[in-house]
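Dear colleague,

Please find below the structure I am handing over to you, followed by an account of what was found in it.

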Amino acid sequence: MTRQGFQKLISLVQTRDDIIYFRDFQELQEQHPDKLKVVHCITREDPTGIPHAHRGRIDADLLRECVPDPGNCFVFSCGPGITPHARRAAKERGEEAAPQFVEHMMALLKEVGLDKKQIKQESWG
């Protein structure tokens, strides 16, 4: 059963200090526990003491936990992606450009059952 209007925010950072708007998101989550859950994935520190935090990167298991019904959701993925320069340089070497965060997330989201039409992505780099 899905909850209409329920949002989950998954952020990936290296340290606690890298979490943007931490207090704001914590307050919103506390004020609206029926509408928002924030999950922080922290790669270079122990996340003990941060509600719903995980140590490490976003992976398929975490996505399955956060998206129990892949057919009934929409995902916005934002982060560094393959730059046009990196794509051209790889092509000149006869190689594929190495996937960055956004490409990795697209693959993971497809792996857990989301269709490309359910994913909006924005990248920079």
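**Strand β1 and its contacts**

Not counting residues up to four places away in sequence, I10 touches V39, C41, I58, L62, L63 and C66. Please bear in mind throughout that this is a predicted model. The place of I10 is in strand β1. I10 is partly exposed because its relative accessible area is 25%, and the class runs from the buried limit of 20% to the exposed limit of 50%. Between the C-alpha atoms of I10 and F22, which are 12 residues apart along the chain, the separation is 12 Å.

S11 also belongs to strand β1, which covers residues 7–13. With a relative accessibility of 17%, S11 counts as buried, because buried means under 20%. Its side chain makes a polar contact with the side chain of H40, at 2.7 Å. When neighbours within four places in sequence are left aside, the residues in contact with S11 are V39, H40 and C41. V39 and C41 are also among the residues that I10 touches.

V13 is a further residue of strand β1. V13 is buried, its relative accessible area being 12%. If residues up to four places away in sequence are not counted, V13 touches D18, I19, C41, I42 and T43. The C-alpha atoms of V13 and V67 are separated by 20 Å, and the two residues are 54 apart along the chain.

Strand β2 comprises residues 36–42. Contacts of the β1 residues that fall in this range include V39 and C41 for I10, H40 for S11, and I42 for V13.

**The nonpolar core and helix α4**

Which residues of the largest nonpolar core touch the most other members? The core has 16 residues, and those in question are I58, L62, L63, M105, L109 and L114. At least two residues of this core come from each of β2, α2 (60–66) and α4. Three of the residues named for the core, I58, L62 and L63, also appear among the contacts of I10.

Helix α4 spans residues 101–111, and L108 lies within it. L108 counts as buried because its relative accessibility is 8%, which is under the 20% limit. Apart from neighbours within four places in sequence, L108 is in contact with I58, D59, A60 and L63. L108 and G125 are 17 residues apart along the chain, and their C-alpha atoms are separated by 20 Å.

L109 contacts L63, V75, L114 and I119, again leaving aside its neighbours within four places in sequence. L63 is thus listed as a contact of L108, of L109 and of I10.

**Two loop residues with positive phi**

Y21 is not a glycine, yet it has a positive phi of about 55°. Its place is in the loop between β1 and α1, the latter being residues 22–31. Is Y21 buried or exposed? Y21 is exposed, because its relative accessible area is 56% and the exposed class begins over 50%.

H52, likewise a residue other than glycine, has a positive phi near 60°. H52 is found in the loop between β2 and β3, where β3 is residues 54–55. With a relative accessible area of 39%, H52 is partly exposed.

**The chain as a whole**

The secondary structure comes to 4 helices and 5 strands. Along the sequence these elements follow the pattern β-α-β-β-α-β-α-α-β. Taken along the principal axes, the C-alpha atoms fill a box of roughly 50 × 35 × 20 Å.

Of the 125 residues in the chain, 34% are buried. Among contacts with a separation of 6 or more, 59% are between residues 24 or more positions apart. The contacts of I10 with I58, L62, L63 and C66 and those of L108 with I58, D59, A60 and L63 offer examples for inspection.

The chain exposes about 8700 Å², of which carbon and sulfur atoms supply 50%. As to charge, there are 18 positive and 19 negative side chains, and the centres of the two sets lie 5 Å apart.

With kind regards

Definitions and conventions. Residues are numbered from 1 along each chain as its sequence is written. This is a predicted model: local features need pLDDT of at least 70, side-chain atom pairs count only at pLDDT 80 or more; totals for chains, interfaces and linings use all residues. Side-chain values use heavy atoms; hydrogens and water are left out. Buried means under 20% relative accessible area, exposed over 50%, partly exposed in between (1.4 Å probe, protein chains only). A polar contact is a pair of N or O atoms within 3.5 Å; within protein, one must be able to donate a hydrogen and the other to accept it, and residues adjacent in sequence count only if both atoms are side-chain atoms. Contact means heavy atoms within 4.5 Å. Accessible areas come from the Shrake-Rupley method with a 1.4 Å probe; for residues, only the protein chains shown count as cover. Lys and Arg count as positive and Asp and Glu as negative; His and the chain ends are not counted. The place of a charge is taken as NZ of Lys, CZ of Arg, CG of Asp or CD of Glu. A nonpolar core is a set of buried Ala, Val, Leu, Ile, Met, Phe, Trp, Tyr and Cys residues joined through side-chain atoms within 4.5 Å.
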